[in-house]
Amino acid sequence: MIGCGKETEPKVSVPAPEIDIHTAIMSGDLVTIQQHIDAKSDLNAPDMQSRNTPLMNAILAGKHEIVYLLIENGVDLDARNNDGSTALITAAFFAYPEMVKTLLEKGANTSIRNNTGASARDTVQAPWVQMKPIYDFIGALLQPIGLQLDYERIQRNRPIVLDLLNGHGESTSPLSTGASNSSVPDIAVEKIVPSGDENFLNKDSDYIYDQNRLPTFELNLPSAALAKLDGDPTAEEYVEGSLTFEGETISPVGIRYKGSVGAWVGGVSGMNPFMPSGRKTRTKLSMKVKMNWKGSDTLFYGLNKLQFHSQNLDPSQMRERLGYWLFREMGVPAPRSVHARLVINGKFSGLYALTEQIDGRFTRYHFENGEGNLYKEIWPINDKGKAQDPAAYLKQLKTNEDEDPNVDQMLAFGNEIANASGEDLSAVISKRMDISEIVSFAVVDRAIKNDDGPFHWYCDGSNCFNHNFYWYEDPVEQKFHLIPWDMDVSFENINGNNPVTHIADEWGEEKADCKAFNHGPFNILQRSASCDKLTRGWASFEEEYADFKTQLLAGPLSVEQADARIDKWASQIREATRKAKETHADALSSRDWEQAVAQLKAQLAFVRSQ
């Protein structure tokens, strides 16, 4: 027709089918998938739960024909899901040789490692006895969506997949840039006696936590000491080194890596994410510096410890600092947090969150009567509604624990809650707590979806527990203060669901007759927070909650304050973020960081709209 001089007809856009592409993949609906291709749907659009791309879900479901169709239509082979896996890692883990071969032929990157530090090769190289518990866990997660692992096929194909990857010359180095330990010169850790004129002896901690500065800290360690830390970060053992800040050195100090199960993900080489182990596989890991090393009484700007948090789980690099700032702005005692640059043995390590240690110095700074008891992660009552055994309180005591410790007030608080009737509970809370403070705590916590905090009650079948908080007991007023801790996944569940931490309930709600229930794609057991008697008592202050929520939205969480604060901090850390990526291959890119900051602002806007 064109050869006869006829004009081509205008192109008609093809509407996308009603069935989404992920549903079509799981059911093997090739017709619908082809319709998505014809309609130019986003073939890389991740699902809402695991952030798997259509290609990953096709591999997961073992749909060979769909895998090849998607690859031929130019999908992103190296996109990553929530756990950092790519299509190639997925195909290798589930042992599909033909899929692995096709991905390799099409140029899939073999050197990418997931959040546990494992490459595609690692998933099939590790012994079956080591991998079997992981397959068991993954298999249990897949059963609710109708998928069942074929262990015989997987065991049979794993050596074939390994041969394919070995033949493709996969790199075994997780960090492609940076000097090896052997190239770091030995540094003598000498004892430096302060003259008394040093700034770190004459200024207080406000200088360190000044929100208007981006400080740089330098750690120096002998190469053997650094190699020891890098060889087994999860041991969390101190080695000796020195700290230099603004031209002044304090030496010696204790230095170690720090973390929790989530914080180690992708940072160490062990294959089991629930039992972190192995060598360091990521440039940045959280670190702790101890000034009172080997009995020294030297303080650093009035501090005994510095904590540098890696922020590896937070692409915005803002959650921790912003979360604590919002709590403090609403009158809740919370750690001070700023950003900081960290240099280790002369090499820029990256940008960290420098967050105040919660200890006796914290309590003396934040409370007028600061010499009281500090407890970590112990609730006044247990999950059965009874006061804890005194030994449980003593075990979690973090101050005044050395000489004749006394937990009588915490025990009394627990008994008062346990014995209070519904009518008396609010009176007990009013007597033992500052109502405006604890209600403000709840308002901020729920606004930013701090779902891995004290209002998430995880259950293991027989017991339920919460974590990531401290209690401070005022020895004069005999009141208790709840202190937030560990904010790295805050904000994440605003307009989205983390499959592990997401809380099912709104504030004050109860489900399942206060029994544990499954929630999320992993069917993780949780219990409604308001089934805890103390939390239920807090939720009863409904008018106060509404008032403080209004204050939060009009004040600290407003565009004028929160967004302006984010913009200010972004200006502080933009260059450091760029330099980190320039220095380390595994660092966050400036593009991804800028997008994450924009997403954080969008999440705040969503909160304001509710």
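Which side chain of opposite charge is nearest to Asp 359, and how many Å away is it? Keep that question in mind as you open the structure, which is a predicted model.

**First stop: Asp 359**

Select Asp 359, and you will find it in the loop between strand S7 (347–355) and helix H14 (360–366). The residue is buried yet has no salt bridge, and the nearest side chain of opposite charge belongs to Lys 305, 5.3 Å away. A salt bridge is counted here when a side-chain nitrogen of Lys or Arg lies within 4 Å of a carboxyl oxygen of Asp or Glu. If you now show the surroundings of Asp 359, leaving aside residues up to four places away in sequence, the residues it touches are Leu 374 and Thr 399.

**Second stop: strand S6 and its neighbours**

Next, select strand S6 (residues 337–344), where 8 of the 8 residues are buried. Ser 337, His 339, Arg 341 and Val 343 point one way from S6, while Val 338, Ala 340, Leu 342 and Ile 344 point the other way, and all of these are buried.

Add S7 to the selection, and you will see S6 and S7 paired in the antiparallel sense over 8 bridges; to find one of the positions where they meet, pick Ala 340, whose bridge partner in S7 is Tyr 352. S6 and S7 form a hairpin with 2 residues between them, and in the turn Asn 345 has a positive phi of about 50 degrees.

Then bring in strand S1 (residues 216–220), which runs parallel to S6 and is joined to S6 by 4 bridges. Here Glu 218 stands opposite Val 343 of S6. In general, the strands of a sheet pair through backbone hydrogen bonds, and the pairing may be parallel or antiparallel.

**Third stop: a sheet of four strands**

Move on to the open sheet formed by 4 strands in the order S10-S9-S14-S13, where the pairing is antiparallel. Strand S10 (464–465) and strand S13 (517–519) are the edge strands, each pairing on one side only. From S13, step across to strand S14 (residues 524–527), which runs antiparallel to S13 and is joined to it by 3 bridges; His 519 has Ile 524 in S14 as its bridge partner.

**Fourth stop: salt bridges**

Side chains of opposite charge can pair when their charged atoms come close. The model has 24 salt bridges by the rule used here, and a few of them are worth selecting one after another.

Begin with Lys 132 and Asp 136, whose side chains meet in a salt bridge of 3.0 Å, N to O. These two residues are 4 residues apart in helix H8 (residues 128–142), so they are separated by about one helical turn. Lys 132 counts as partly exposed because its relative accessibility is 28%, and Asp 136 likewise counts as partly exposed, at 33%.

Now select Asp 230 and Lys 280, which form a salt bridge with their closest N and O atoms 4.0 Å apart. This pair links distant parts of the chain, 50 residues apart, with Asp 230 in helix H11 (residues 223–231) and Lys 280 in the loop between helix H12 (261–264) and strand S4 (287–290). Both Asp 230 and Lys 280 are buried.

Finally, select Arg 446 and Asp 445, whose salt bridge has its closest N and O atoms 2.8 Å apart. Arg 446 counts as buried at 9% relative accessibility, and Asp 445 is buried with a relative accessible area of 0%. To end the tour, show Asp 206, Arg 336 and Glu 356 together, which are joined into one network by salt bridges that share partners.

Note on methods. Residues numbered from 1 in each chain as written. Predicted model: local features only at pLDDT ≥ 70, side-chain atom pairs only at ≥ 80, totals over all residues. Heavy atoms only, no water. Buried < 20%, exposed > 50% of the residue type's maximum accessible area, 1.4 Å probe, protein only. Lys, Arg positive; Asp, Glu negative; His and termini not counted. Contact = heavy atoms within 4.5 Å. Pairing = 2+ DSSP bridges.
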